[in-house]
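Have a look at the model below before reading on. The notes after it go from the overall fold down to single contacts.

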Amino acid sequence: MTGARHDERTPAPEPRPGVRGWRVPPVTATLFLVTGPVTAARFAFPGVLAAPPLLVPSPGRQALVTVPAVVALGSPAERIFGAKSVLALYLVPAAIGEAPGHVWQPHGSGDSIAVLGLAGAVADNAFRDIHGLPTLAGAVIGAGLLLRRRRGAPSV
């Protein structure tokens, strides 16, 4: 999926006159605007969402990372792969991870698995975009730290 056709890619949005910086691409913005309020509802009504549904952070403090990560990873992914592809990169890995997640860790599913779908796609693009190598490096370092923790070695 790394080689999206050029005509399918979402071009970088042009800033409006008087607006500095960049805008969040449309599908990424939609994912953020859906995930954010559902996450807020989880905090406001904890009994309603006792079992966290897909795309809601669990534990709740995870939202401090995963909700902003939707924009941080979704924006470059949407610009690289296109709008339809970023939706697939968010939802398909989430669905694939959700099934075994309920077996392995029934009380810890959530939006992190969707965000990691975006991270994997951006990391796979490591040699064509500046975001890929840092994402890949973070994944490698994180895997090493987890292995170290499992062996009982002290954390750095």
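What follows is an informal walk through the fold, the surface and a few buried spots.

First, a word on what you're looking at: this is a predicted model. The protein has 5 helices and 0 strands, so there's no sheet to trace, given that strands are counted as DSSP runs of at least two residues. Reading from the N terminus, the order of elements is simply α-α-α-α-α. Of the 156 residues, 34% are buried. If you take contacts between residues at least 6 apart in sequence, 68% of them link residues at least 24 apart.

**The outside**

About 9700 Å² of the protein is exposed, with carbon and sulfur atoms supplying 68% of that area. One nonpolar patch is worth finding in the viewer: Phe127, Leu133, Leu136 and Val140 together make a surface patch of about 440 Å². Leu136 sits in helix α5, which spans residues 132-150. Is Leu136 buried or exposed, or partly exposed? Its relative accessibility is 38%, so Leu136 counts as partly exposed, the band for that class running between 20% and 50%.

**Around Glu78**

Now for a buried acid. Glu78 belongs to helix α2, residues 63-81. What is the nearest side chain of opposite charge to Glu78, and how far away is it? That would be Arg79, at 7.8 Å, and Glu78 has no salt bridge although it is buried. The Glu78 side chain does have a polar partner, though: one of its polar atoms lies 2.7 Å from the backbone nitrogen of Thr28.

Pro25 is part of this neighbourhood too, since it touches Glu78 along with Ser75 and Arg79, leaving aside residues up to four places away in sequence. Pro25 is placed in the segment before α1 (26-44). With a relative accessible area of 1%, Pro25 counts as buried because the cut-off is under 20%.

Ser75, one of the residues Pro25 touches, is found in helix α2. Ser75 is buried as well, at a relative accessible area of 2%. Its side chain reaches the backbone oxygen of Val71 at 2.9 Å.

**Helix α3**

Ser85 has its place in helix α3, residues 83-104. Why does Ser85 count as buried? Its relative accessibility is 16%, and that puts Ser85 in the buried class because buried means under 20%. A polar atom of the Ser85 side chain lies 3.3 Å from the backbone oxygen of Phe81.

Ala94 is also found in helix α3. It is buried, with a relative accessible area of 0%.

**Pairs across the sequence**

Several of the residues above have a partner elsewhere in the chain. Here are the C-alpha separations to check in your own viewer.

| Pair | Separation in sequence | C-alpha to C-alpha distance |
|---|---|---|
| Pro25 and Pro76 | 51 residues | 8.9 Å |
| Ser75 and Val27 | 48 residues | 8.8 Å |
| Ser85 and Ala121 | 36 residues | 10.0 Å |
| Ala94 and Ala114 | 20 residues | 4.3 Å |

For Ala94, then, the pairing with Ala114 puts their C-alpha atoms 4.3 Å apart, and Ala94 itself has 0% relative accessible area. Back in the Glu78 neighbourhood, the C-alpha atoms of Ser75 and Val27 are 8.8 Å apart, while those of Pro25 and Pro76 are separated by 8.9 Å.

Conventions
Residues numbered from 1 in each chain as written. Predicted model: local features only at pLDDT ≥ 70, side-chain atom pairs only at ≥ 80, totals over all residues. Heavy atoms only, no water. Helix = DSSP H or I, 4+ residues; strand = E, 2+ residues; numbered from the N terminus. Buried < 20%, exposed > 50% of the residue type's maximum accessible area, 1.4 Å probe, protein only. Contact = heavy atoms within 4.5 Å. Areas by Shrake-Rupley, 256 points an atom, 1.4 Å probe, with all protein chains shown as cover. Patch = residues over 30% accessible without salt bridge, like charges linked within 9 Å, V, L, I, M, F, W, Y side chains within 5 Å. Salt bridge = Lys/Arg side-chain N within 4 Å of Asp/Glu carboxyl O. Lys, Arg positive; Asp, Glu negative; His and termini not counted. Polar contact = N/O pair within 3.5 Å; in protein donor to acceptor, adjacent residues only side chain to side chain.
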